[in-house]
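Colleague: Please walk me through how to read this model, one feature at a time.

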Amino acid sequence: MADSLAFNKIAGAALATGLVIFGLQNLMPVIFHQEPPAKPGYAIAVQVSTGGGAAPADVMPDWGTVLPKADVAHGQAITAKCASCHDFDAAGTNAIGPGLYGVVGRPPGTHPGYSYDQAMQDFAKTHKAWTYDLLYQFLKAPGQFMPGTKMTFVGLPESQDRIDVIAYLRSNGSPNYPIPPAKPAAPAAASDAAAPAANATAPANATAGK
Ligand code: HEC
């Protein structure tokens, strides 16, 4: 009798467990029913990170749009960071680094009288000119973009800072280097996304410029 009671208890427990599992299985879809809408949320998070300029993959600015709007005076102010190594005068004076007058559009590693290192000479073999895109990437983190360069400058992480510096560099000796036409306005959603991104970088610049 005792044995059969024990059996009943065990059987009951097993049945109860089975019921709980069965119940959970049926509840799962209910509990996770909210999951699919989470995916658009991830997509938005990705957009936010590219807008902040911190994304690992660089998205090149639309130069036809950003250059005419760039703050040249702010760019010039930032080049105080370059002045310990570079001169910007029209005579093209070389210092620790080459003279930077007219550097936009200039073939890399070719400023007269300056002795470039191997990294820059190799770079010059495959790149005909300092385009906006190349300057934008180089100035972000010179040693990362061009391993081995003797330009031991940490770089300008803020996208808008680089845009303003490039606008200043262009104004300083390369005013005729063409600005490509602005890309036609993409779908409304894209321009909506670009507007807050541009606004978001503005306060960051104000702080960085101090
Ligand atoms: C610590 C010194 C140092 C600082 C600071 C520095 N540079 Fe340089 N820069 C160099 C050196 C050295 C080279 C030559 C690199 C080589 O030969 O690889 C160079 C090369 C360059 C070149 C390539 C020029 C050419 O003729 O091909 C550009 C463009 C440039 N620098 C821009 C800048 C800008 C803009 C800043 C400031 C935001 C800056 N650099 C800050 C040392 C510096």
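**Helix H5**

Modeller: In H5, a helix in the sense of a DSSP run of H or I with at least four residues, numbered from the N terminus, the residues Ala119, Met120 and Phe123 are buried (under 20% relative accessible area, with exposed over 50% and partly exposed in between; 1.4 Å probe, protein chains only). They sit on the same side of H5, because they cover an arc of only 95° around the axis, the arc being that of the directions from the helix axis to the C-beta atoms. The model is predicted: local features need pLDDT of at least 70, side-chain atom pairs count only at pLDDT 80 or more, and totals for chains, interfaces and linings use all residues. Residues are numbered from 1 along each chain as its sequence is written, and side-chain values use heavy atoms, with hydrogens and water left out.

Colleague: What covers the buried residues of H5?

Modeller: The cover includes helix H6 (132-140) and H7, judged by contact (heavy atoms within 4.5 Å).

Colleague: How should I read the angles at the iron atom of the ligand?

Modeller: Ideal angles for six octahedral donors are 90 or 180 degrees. Here the six donor atoms give angles of 84 to 179°, and the site is octahedral (opposite donors over 155 degrees apart, all others between 65 and 115).

Colleague: Which residues are the protein donors?

Modeller: His86 (NE2) and Met151 (SD), 1.9 to 2.2 Å from the iron atom; donors are N, O and S atoms within 2.8 Å of the metal (3.2 Å for Na, K and Ca). Both His86 and Met151 are buried.

Notes: Four donors count as tetrahedral if all angles lie between 85 and 135 degrees; four count as square planar and six as octahedral if opposite donors are over 155 degrees apart and all others between 65 and 115; anything else is irregular. Helices (H or I, at least four residues) and strands (E, at least two) are DSSP runs, numbered from the N terminus.
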